[in-house]
Amino acid sequence: MQQPYDPKTIEAEARDYWEATQAFKAVEDPGREKFYCLSMFPYPSGKLHMGHVRNYTLGDVIARHQRMLGKNVLQPMGWDAFGLPAENAAIKNKTAPAKWTYQNIEHMRKQLRELGFGYDWDREFATCQPDYYKWEQWMFTRLMEKGLAYRKTATVNWDPVDQTVLANEQVIDGKGWRSGAPVEKRDIEQWFLKITDYAQELLDDLDKLDQWPEQVVAMQRNWIGRSEGVQMNFAIKGRDEHLSVFTTRPDTLMGVTYVAVAAEHPLTLQVAKSNPELAAFTEECKQGGVSEAEIETMEKKGFALGIEALHPVSGEPVPVYAANFVLMSYGTGAVMAVPAHDQRDWEFAEKYGIPKKQVIYPADGSEAGIDQSAYTEKGVLANSAPFDGLTSTAAFDAIAAWLEEHEKGGKQINFRLRDWGVSRQRYWGCPIPVIRTADGGTRAADHLPVVLPEDVIVDGSGSPLKKMPEFYALGNGEERETDTFDTFMESSWYYARYCCPDNDEAMLDERARYWLPVDQYVGGVEHAVLHLLYARFYNKLLRDENLLDCDEPFTRLLTQGMVIADTYYRQNSDGSREWFNPADVEIERDDKGRVVRAILKSDGAPVIYGGVEKMSKSRNNGVDPEPLIERYGADTVRLYTMFTAPPEQSLEWSDEGVEGAFRFLRRVWNMALEHADTIRNAADDKPADDDQLRSARREIHSILKKALYDYQRQQFNTVVSACMSMVNILAKVENAVLLHEGLGIVLRLLAPIAPHISHKLWIELAYGENVLTAGMPEVDEDALRQDSIDYVVQVNGKTRGKVSVAADADRETVEKAALENENARRFMGEARVRKVIVVPGKLVNIVAK
């Protein structure tokens, strides 16, 4: 064995071995239990950050562990290659997005290889490659035939900086999720997928996802948003028209004092033609996004149309207002307003002097006025003839029945979920395979793939495809669609294509039925609604096209926590902040670890500590993994990211922690080096029957039992702790047999986490040729058996002694031994024993007074 621990050499050797033996090549084998492990594929931004490293290490640890359990493992890797960052980078660097993307892929692939991730690289693809997106285009044409893909004019979120439409999920606090620009409303023709046709199934099947985090399931359930309510019609006074509204609170119907419609509602637009003030109001309403979150927080504004609607039950006229909080794209574009029982309606009524009519009162007869705010609780109806005296629950059914009987409405189920708008006015995306015909219609493209031209320079002024007649002009008045797909389309089915990426004849084949569903999916919780909901929907589309069998794409989901680090900045004169990387800052801390002084190394001037935040470019607090791998090796980086925090919690970066991880691996290496000959020549047997050795072996197998359980529950930090504890025990052992057994256990436990050093030592110590095929260590239950058990003896909760009793001793024997303990008796003195509490296998507490 080489003398010092040299990770660079060791890791290169291990990688060469895995590559030469095709250790991670996945081949379908119906005779073996399969395990498909997948981490969310990266956007090829140029280089890996520590969030990537943690995410992909988690996936690799799980995949390697399952491989060691004997399963047939598939762990692929690819690139989510389309998207806005490539266009923005191309504009900045005056290059083509394709060239920039492929260069980044080359570099990031090299980084992933250096980290020792066990991917089947034969299955690699990038979503910007035509042989991938060809099948996405084919599927879209099938959805067009089925009526599940359609085109309509819709009010959309428009990002004025990125010059594209955003889905509601991509609008965060009224701003574009990527650009941060305030979002505007625009009416644009868009392509949509009918995700709403699958709303109930998407909701019901959440019950099957019992291995997903509850938080993610709850977020999806809320986003789908099933609500049971009543639909009803308000006739328009003096017109042969009506307004259709939906409410989940029909019990408040008799309290309606106005109806609100969207600024873009046909009724509003009709009146606006002869009312310049209303026309100006409708223009003002176009500013801002169309997401519920933004509508909720914006200032509520309205404009009286001078039109009245007739109450469906009482027939009384109520005014109709155009309001900025009503959207045409949500429901019917009209809502009934009950100021007495809805806070938003109450505030609007206060602002515009609209009456409030209370119709719900507390069931217990207590006071509940509406002078200061709306009364939003359920209760008993009053001022609601013919429904007075009914509870809110009973009134729901009674009012629905009345409306149905009079043909003015009835019960209805609604969903918050809206159809998925998949058109984007960007260049770097998959072309939508549609041709616009001379008569204004549309049809599917004749030949697939519709290939995106790659030798294109982007200047930022909209999509270059719109300026390329060689792309869109087809002759005879026909033009190719110049919009591209939302990039979430590509990531909604990539997991399935990994099963058969070499199939040129079909989107998927029988191999997809073998591998799917994905057994373990790993990624950030920020994808809970967007990506994960779309992938679930697309999976059902593929199933209904008879391309796969499973209802859900991902059986088990692990959402890892963020990687966080200290931040430092200086305040600029214009109020902005300049952020400095922690590596460039000299820090002084107090005895509690708090930063008391921080100066920039380059100029010696102070900087301000900004607290701990998620690693990001904007805060300049990221840690580049490359120098760490160069200095300490990939195993150290992997071990550190697994050891520092449980997977689902945030990992707070610490340079000292990285040093500690390296020291531990070096200690394992040195222990193996010191005892190499002894271990190689030791019998693969149990150590001699010696009390001390028996105790050490019992402790090792006890730790092993918990570590194997921790692997099952994916608490890899405690697996590393277990390895450290075992090494501490083995450091005090001279027995060759126990060293052989103990270090063999440590190496197999470490193999998924620090695979390179485990591989090397497994061979050097003559355990075998490949630790990957060695299997996980097994607990020797005989080793756990004890002839006697030590009990701590407490008197009134304070430790006063220790007794040893036979392992099979009954409670009475344990109590008797504790009561006879000399030290315990001394502390009890003359006090009378009131109670004896026995915690089996651990302690006895004598309560004496």
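Student: What makes the lining of the largest cavity three nonpolar, five polar and two charged residues by class?

Tutor: Ala, Val, Leu, Ile, Met, Phe, Trp, Tyr, Cys and Pro count as nonpolar, Asp, Glu, Lys and Arg as charged, and the others, Gly among them, as polar. Ten residues line the largest cavity, with Glu87, Arg426, Gly460, Gly462 and Ser463 nearest its centre. This is a predicted model, in which local features need pLDDT of at least 70 and side-chain atom pairs pLDDT 80 or more, while totals for chains, interfaces and linings use all residues. Residues are numbered from 1 along each chain, and side-chain values use heavy atoms, without hydrogens and water.

Student: Why are H21 and H23 called roughly parallel?

Tutor: Helix H21 (residues 691–712) and helix H23 (residues 736–750) pack at about 15°, their axes 11 Å apart. Angles under 35 degrees count as roughly parallel, over 145 as roughly antiparallel, 65 to 115 as roughly perpendicular and the rest as oblique. H21 and H23 are therefore roughly parallel to each other.

Student: Which residues make that contact of H21 with H23?

Tutor: Contact means heavy atoms within 4.5 Å. Among them are Leu693, Ile700 and Leu704 of H21 and Leu738, Ile745 and Leu749 of H23. By class, the contact of H21 with H23 has ten nonpolar, one polar and two charged residues.

Student: Why do H2 and H18 get the label they have, parallel or perpendicular?

Tutor: Helix H2 (residues 50–68) and helix H18 (residues 634–643) pack at about 90°, with axes 9 Å apart. H2 and H18 are therefore roughly perpendicular to each other.

Terms used:
On a 1 Å grid over the protein atoms alone, a cavity is a set of points where a 1.4 Å probe fits but cannot get out, and a pocket is an open set with protein on both sides within 12 Å along at least five of seven lines; lining residues have an atom within 4 Å of a point. Axes are lines fitted to C-alpha atoms, for helices over the stretch in contact, and angles run from 0 to 180 degrees between N-to-C directions. Helices (H or I, at least four residues) and strands (E, at least two) are DSSP runs, numbered from the N terminus.
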